[in-house]
Amino acid sequence: MSLTLEEIQDFKGKYPKQLWTLFTVEMWERFCFYGMRGVLTIFMVDQLGLLEDKANLQYGAIQAFIYAFTFIGGIFADKILGFKKSLVFGGIIMSVGNLIIALSPHDFFYFGITCSIIGTGFFKPNISSMVGELYKEDDPRRDAGYGLFYAGINIGGLLGGALCVYLGKYHSWSWCFLAAAIVMILGLITFLLPEKHWDLSETLHYSLFLNQKELYVKYWYTLEHY
């Protein structure tokens, strides 16, 4: 039987055990995201023949679309899909996007990067909001929880940026984007692994949308600190 949100929030110690799942999932997702982001300009200059200035402009446009789609993804999660479906959908689309690029980086780059933009928009805002709901409003341990969560972001970003650039420049651009896809799939598997004693996604899905205004405040707070 799944734990209720109140039972999850009454955890003992510094961190709820559900946080470690979110930590791992976000670490792999940030590996995928920053791995892809870290090679964009290099790839567009070396493989697509763009001048550096134009490559930088396209890089900026891609980042702008990503942040725009996080808002859209949050609305879809609220009104239509819910947390679990939004996270899974976003992760799948990100994986597909990187796999498409891996098939033929030169030919399918813009198709794949479009999928990555959409997928990130559905994934990014929802998992951050879940972290805050693991704690009661007045729980002083919440800051430590976000600190651990952001550590996962930094670890994933560091590993993804270093490994994907290395694979792309010294081995194969297909390997680079394939690595990003594989780790995103690992993140999805981690999120979907069945647990006998709790179902994080469904429990938090019900609680979060009892108060939509509170959700959006938390979303923008996490976006600022992301």
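This passage walks through the overall make-up, the charged pairs and a nonpolar surface patch of a predicted model.

The fold is a helical one throughout its assigned elements: the protein has nine helices and zero strands. Read from the N terminus on, the elements run α-α-α-α-α-α-α-α-α. Of the 226 residues in the protein, buried residues make up 51%. Contacts reach across the sequence as well. Among those between residues at least 6 apart in sequence, 82% join residues at least 24 apart. As for the outside, the protein exposes about 10,900 Å², and carbon and sulfur atoms supply 66% of this area.

Charged side chains come next, with a count of four salt bridges. One of them sits within helix H2, which spans residues 17-46. Here the side chains of arginine 30 and glutamate 26 meet with an N to O distance of 3.6 Å. The two residues are four apart in the sequence, about one turn of the helix. Are these partners buried or exposed? Arginine 30 has a relative accessible area of 0%, so this residue is buried. Glutamate 26 also has a value of 0% and is therefore buried.

Two further salt bridges involve arginines that are neighbours in the numbering, Arg141 and Arg142. Arginine 142 pairs with glutamate 137, and their closest N and O atoms are 3.9 Å apart. The two partners of this bridge fall into separate exposure classes: arginine 142 counts as buried because its relative accessibility is 15%, under the 20% cut-off, while glutamate 137, at 53%, is over the 50% cut-off and so counts as exposed. Arginine 141 pairs with aspartate 139, with 2.9 Å between the closest N and O atoms. In this bridge, arginine 141 is partly exposed at 25% relative accessibility, whereas aspartate 139 is buried at 11%. Salt bridges that share partners also join Glu26, Glu29 and Arg30 into one network, which brings the account back to the arginine 30 and glutamate 26 pair of helix H2.

A charged residue without such a partner is also worth a look. Lysine 124 is placed in helix H5, residues 105-133. This lysine is buried yet has no salt bridge. Which side chain of opposite charge is nearest to lysine 124, and how far away is it? The nearest is glutamate 26, at 7.5 Å. A salt bridge requires the nitrogen and the carboxyl oxygen to be within 4 Å, so a separation of 7.5 Å does not qualify. Glutamate 26 is instead paired with arginine 30, as described above. Lysine 124 does have a polar contact: its side chain meets the side chain of tyrosine 67 at 3.4 Å.

Turning to the surface, a nonpolar patch of about 560 Å² is made by Leu99, Leu178, Ile182, Ile185, Leu186, Ile189 and Leu193. Which helix gives the largest share of this patch? Helix H7, residues 173-192, supplies five residues. Leucine 99 belongs to another element, helix H4, which covers residues 83-103. With a relative accessible area of 34%, leucine 99 is partly exposed. Patch members need over 30% relative accessible area, so leucine 99 meets that requirement.

Technical notes
Residues numbered from 1 in each chain as written. Predicted model: local features only at pLDDT ≥ 70, side-chain atom pairs only at ≥ 80, totals over all residues. Heavy atoms only, no water. Patch = residues over 30% accessible without salt bridge, like charges linked within 9 Å, V, L, I, M, F, W, Y side chains within 5 Å. Areas by Shrake-Rupley, 256 points an atom, 1.4 Å probe, with all protein chains shown as cover. Buried < 20%, exposed > 50% of the residue type's maximum accessible area, 1.4 Å probe, protein only. Contact = heavy atoms within 4.5 Å. Lys, Arg positive; Asp, Glu negative; His and termini not counted. Polar contact = N/O pair within 3.5 Å; in protein donor to acceptor, adjacent residues only side chain to side chain.
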